[in-house]
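Reader: Please pick one part of this model and go through it closely. I would like to know what it is made of and what lies against it.

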Amino acid sequence: MAERYDVAIIGAGPGGYVAAIRAAQLGMRAACIDKRASLGGTCLNIGCIPSKALLQSSEKFAEAKKGLAEHGVIVGDVTLDLAAMQARKGKVVETLTKGVEFLFRKNKVDWLKGSARIAAPGRVTITGDGNAQEIEAGAIVIATGSEPTPLPGIAIDEQRIVTSTGALALDHVPERLAVIGGGYIGLELGSVWSRLGAQVTVIEFLDRILPNMDRELGPALQRLLSRGGIKFKLSTKVVGAQPGNDGVSLTLEPAKGGERESLVSDVVLVAIGRRPLTDEIGLDEAGVKRDGGGRIPVDENFATNIAGIYAIGDAIAGPMLAHKAEEEGIALVERLAGQKTAVEYDAIPSVVYTWPEIAAVGKTEDELRAEGVEYRVGKFPFTANPRARTNGDTDGFVKILAETGTDRVRGVHIIGPDAGTLIAEAALALEFGASAEDIARTCHAHPTLEEAVKEAALAVDGRAIHI
């Protein structure tokens, strides 16, 4: 007879494995199905974690070469051991994926290794190592994540024309790196290889990088990255890529049409976005609807159009963020257990881990104007923050958007040091419906970077102290 589970989760990324652990905590018998040799999905294996490891290592390399002397720290010649850097990245990944395995054992979650296919509502077939098994489940959760979006006409070989996966595993620093796409993946990985010595050119179809973020952030980051040596070609379309003996020759043309030009690079990173990974799990045969982009429509309970089948994370609408998937996975299994958990989507932060970092939560100015919401703006530069000055990281600012009349915080946008950490206070403010005055009246320790958030809140009312 088939093994019976209360919940079977297809995909062991942040959404899937967290949902499985929470389900087990709630007393459900949970199975998590994944075909990778290690748990954690794209995020832990070939995404968030390895990229942040390389970002951290490359920041230290750049600081040792150019940033320590002003502090009176003289280190002499600095050389790069890329193999050691990559090995450290691998160790970080291994430690965290093994940590998820431990959590599965601790919480008695069954890890079923293999490729999953929905045989029928309530039944999943798992194939791996030449064997097949079928399980039954009261609820099936699709948490399959996403994959890089290909660029038509450009063949990925993960050697010279790479996705983020190949860009994380390069065994040499390319002399020239072309990045197709000015979103967070391209900018983060472009930053890594730029710091390590590559001449990086970012090619973006639109007229600014980070087009989904507040309009001030993209241009501000572009200026700072340009200062560090990264070049940008905006409003530019890539229409072809031809590998040759001297590198990969890209054919470019203006986004609105015009005269073509060529750009030769040793490595080309295609980073134009990600798409849901919802093929090959039997959705069409099971009758589960998908939209034209492959995403699965769900209701407020994450239920698909087929009873007993649910979906979360990158497989459904919304930002493709690991922490968004985690919140949805927990909310879903808690609802299955009879709880009333909700996800506040306006309070989900997003972070770009360049240096300086960019972080945002809530609405942008464009979005508020489109909704007809009147608002006030408070801004505070890190140049006036004592801790930023002592650290030598004074680029950027904090920007708070508060609704006129109610003073309710509707959006917070930060470019600056440790913006990804600072945004947590802002996310909490949105979660609780706080006003700018609430943040301004909260005592912040001195000297800290967080004081810039307080000062921006004060600036909403025109009473910032230190500018």
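Author: A helix here is a DSSP run of H or I with at least four residues, and helices are numbered from the N terminus. The model is predicted. The part I take is helix α7, which covers residues 217-227, together with the sheet that helps to cover it. After α7 comes G229, and its phi is positive, near 110 degrees.

Which residues of α7 are buried? They are L217, G218, A220, L221, Q222, L224 and L225. The cover over these residues includes helix α6 (184-195) and strand β11 (231-233). It also includes β19 (357-362), β21 (397-403) and β22 (409-416).

Those last three strands belong to an open sheet of five strands, in the order β18-β19-β22-β21-β20. The pairing in this sheet is antiparallel. In general, strands of a sheet pair through backbone hydrogen bonds. β18 (350-352) and β20 (375-381) are the edge strands, each pairing on one side only. If direction is ignored, neighbouring strands are turned against each other by 10 degrees on average.

At the β18 edge, β18 and β19 are joined in the antiparallel sense by three bridges. S350 stands opposite A360 of β19 there. Another helix, α12 (residues 419-431), also packs on the sheet, where it touches β18, β19 and β22. The direction of α12 makes about 10 degrees with that of β19. β19 and β22 are thus named twice, as strands touched by α12 and as part of the cover of α7.

Two other parts of the model can be set beside this one. The first is a helix pair. Helix α1 (residues 14-25) packs on helix α4 (residues 82-107) with their axes 9 Å apart and an angle of about 20 degrees between them. Angles under 35 degrees count as roughly parallel, so α1 is roughly parallel to α4. The crossing of α1 past α4 is left-handed. On the α1 side Y17, A20, I21, A24 and Q25 take part, and they meet V100, L103, F104 and N107 of α4. Sorted by class, this contact holds seven nonpolar residues, two polar ones and no charged ones.

The second is a hairpin. Strands β4 (residues 115-120) and β5 (residues 123-128) pair in the antiparallel sense over five bridges. A116 has I126 of β5 as its bridge partner. Two residues lie between β4 and β5, and G122 in that turn has a positive phi of about 90 degrees.

Note on methods. Residues numbered from 1 in each chain as written. Predicted model: local features only at pLDDT ≥ 70, side-chain atom pairs only at ≥ 80, totals over all residues. Heavy atoms only, no water. Pairing = 2+ DSSP bridges. Buried < 20%, exposed > 50% of the residue type's maximum accessible area, 1.4 Å probe, protein only. Contact = heavy atoms within 4.5 Å. Axes fitted to C-alpha atoms, helices over the stretch in contact; angles between N-to-C directions. Parallel < 35°, antiparallel > 145°, perpendicular 65-115°, else oblique. Left-handed = near helix turned anticlockwise from the far one by under 90°. Nonpolar A, V, L, I, M, F, W, Y, C, P; charged D, E, K, R; others polar.
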